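Reader: I have a new structure open and would like to learn how to read it. Could you take me through it, one feature at a time?

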Amino acid sequence: MEKLIGRNLNISVFISGRGSNLLSLIKYSKIKKSKIKINLIITNNKFSKGLEFAKKNKIKNYIINYSKKKEAEHKILEYLRKNKIDLICLAGFMKILSSSFIKKFKNPILNIHPSLLPRYKGLNTHRRAIENKDKFSGATVHFVTPKLDSGKIILQKKVRILKSDTEKTLAKKVLKIEHKLYPSAIEKILKKSSF
Ligand code: GRF
């Protein structure tokens, strides 16, 4: 971690779908004070809407055939190495990285999750929060470990759940805070020297 402090970071963002968090990271990388560069986008889904943002911003992108996971991860590791990637940001990437991949990459891997972890690991977070009549939901950026949605938390932000909220309205509110949270979490790890 220490070796990342005080210099520009080469980031690879992994996506599977819409890519709105990818877009927020691209926008953040373009502001003057930003210390990050998005060099590489990886997706397992050729229909991923987020690929449009990659193309529009001329960012190298690869569609990886995930039918054989071992081969897919091997290929990804090669691209990461070739592009000197310091940090991976998972942003709606719907594949689980193997522990061997995490170990081999060596640098940090971050993920953004639409709940206040450790509550609601996995899918359907908004539905579960509403069903449980929670007063708050939110989003979490955390380090990725082999255990799903369980790595050390970097940053979290809450939103209030109103009685009138549906899964859809809550998802919209949470997504809005996600777009600020991911860049802030990266800023935070760039300032800190140990985790
Ligand atoms: C986000 O809600 C993120 O928290 C979750 O997947 C969704 C991805 O959305 N991991 P997008 O593709 O970034 O728009």
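Author: Gladly. Please keep in mind that this is a predicted model. Let's begin with the ligand, which is surrounded by Arg-18, Gly-19, Ser-20, Asn-21, Gly-92, Ile-112, His-113, Pro-114 and Glu-178.

Reader: Which atoms of Gly-19 and Ile-112 lie close enough to the ligand to give a distance?

Author: Both residues use the backbone. For Gly-19, a backbone N or O atom lies 2.8 Å from an oxygen atom of the ligand. For Ile-112, a backbone N or O atom lies 2.9 Å from a nitrogen atom of the ligand. Glu-178 takes part through its side chain, where an N or O atom is 2.8 Å from an oxygen atom of the ligand.

Reader: How much of the ligand's accessible area does the protein cover?

Author: Here is the general idea. The size of an interface is often given as the accessible area lost when the parts come together. On its own, the ligand has 370 Å² of accessible area, and the protein covers 84% of that.

Reader: Let me step back to the whole chain. How is the chain divided?

Author: There are two parts: domain 1 spans 1-107 and domain 2 spans 114-195. Taken over C-alpha atoms, their centres are separated by 20 Å. Their contact takes 24 residues from domain 1 and 17 residues from domain 2.

Reader: What should I look for inside?

Author: In soluble globular proteins, nonpolar side chains tend to be buried together. In this model the largest nonpolar core has 36 residues, and the members that touch the most others are Ile-11, Val-13, Ile-38 and Leu-110. Helix α6 (residues 167-191) gives the largest share of this core, nine residues. At least three residues come from each of domain 1 and domain 2. There is also a second, separate core of 20 residues, with Tyr-66, Ile-76, Phe-105 and Val-144 among them.

Reader: Which residues does Val-13 touch, leaving out those up to four places away in sequence?

Author: Its contacts of that kind are Leu-22, Leu-25, Ile-38, Leu-40, Ile-41, Ile-42, Cys-89 and Ala-91. Leu-40 from that list is worth a visit too. Leu-40 sits in strand β2, and it counts as buried because its relative accessible area is 0%. Beyond four places in sequence, Leu-40 touches Ile-11, Ser-12, Val-13, Ile-59, Lys-60, Tyr-62, Tyr-79, Leu-80, Asn-83 and Ile-85. You can also compare sequence with space: Leu-40 and Ala-54 are 14 residues apart in sequence, while their C-alpha atoms are 8.5 Å apart.

Reader: How do I read a helix such as α1? Is α1 mostly covered or mostly open?

Author: An α-helix has 3.6 residues a turn, so residues three or four places apart point the same way. Helix α1 (residues 20-30) is mostly covered, with eight of its eleven residues buried. Those are Ser-20, Asn-21, Leu-22, Ser-24, Leu-25, Ile-26, Tyr-28 and Ser-29. The cover over them includes β1 (9-15), β2 (36-43), α2 (51-56), β4 (87-90), β5 (109-113) and α6.

Reader: Ser-24 caught my eye there. Why does Ser-24 count as buried?

Author: Buried means under 20% relative accessible area, and Ser-24 counts as buried because its value is 11%. A polar atom of the Ser-24 side chain lies 3.0 Å from the backbone oxygen of Asn-21. Apart from neighbours within four places in sequence, Ser-24 is in contact with His-179 and Pro-183.

Reader: What about unusual backbone angles?

Author: Most residues other than glycine have a negative phi, and most peptide bonds are trans. Here, a cis peptide bond joins Leu-117 and Pro-118, with omega about 10 degrees. Pro-118 is in the loop between β5 and α5 (125-131). Tyr-120 lies in the loop between β5 and α5 as well, and has a positive phi of about 60 degrees although it is not a glycine.

Reader: Where is Lys-133 found, and is Lys-133 buried or exposed?

Author: Lys-133 is in the loop between α5 and β6 (136-143). Lys-133 has a positive phi of about 55 degrees, though it is not a glycine. At 71% relative accessibility Lys-133 counts as exposed, whereas Tyr-120, at 11%, counts as buried.

Technical notes
Residues are numbered from 1 along each chain as its sequence is written. This is a predicted model: local features need pLDDT of at least 70, side-chain atom pairs count only at pLDDT 80 or more; totals for chains, interfaces and linings use all residues. Side-chain values use heavy atoms; hydrogens and water are left out. A nonpolar core is a set of buried Ala, Val, Leu, Ile, Met, Phe, Trp, Tyr and Cys residues joined through side-chain atoms within 4.5 Å. Buried means under 20% relative accessible area, exposed over 50%, partly exposed in between (1.4 Å probe, protein chains only). Helices (H or I, at least four residues) and strands (E, at least two) are DSSP runs, numbered from the N terminus. Domain bounds come from an automatic or database domain assignment. Contact means heavy atoms within 4.5 Å. A residue is near a molecule or strand if one of its heavy atoms lies within 4 Å of it. A polar contact is a pair of N or O atoms within 3.5 Å; within protein, one must be able to donate a hydrogen and the other to accept it, and residues adjacent in sequence count only if both atoms are side-chain atoms. Accessible areas come from the Shrake-Rupley method with a 1.4 Å probe; for residues, only the protein chains shown count as cover.
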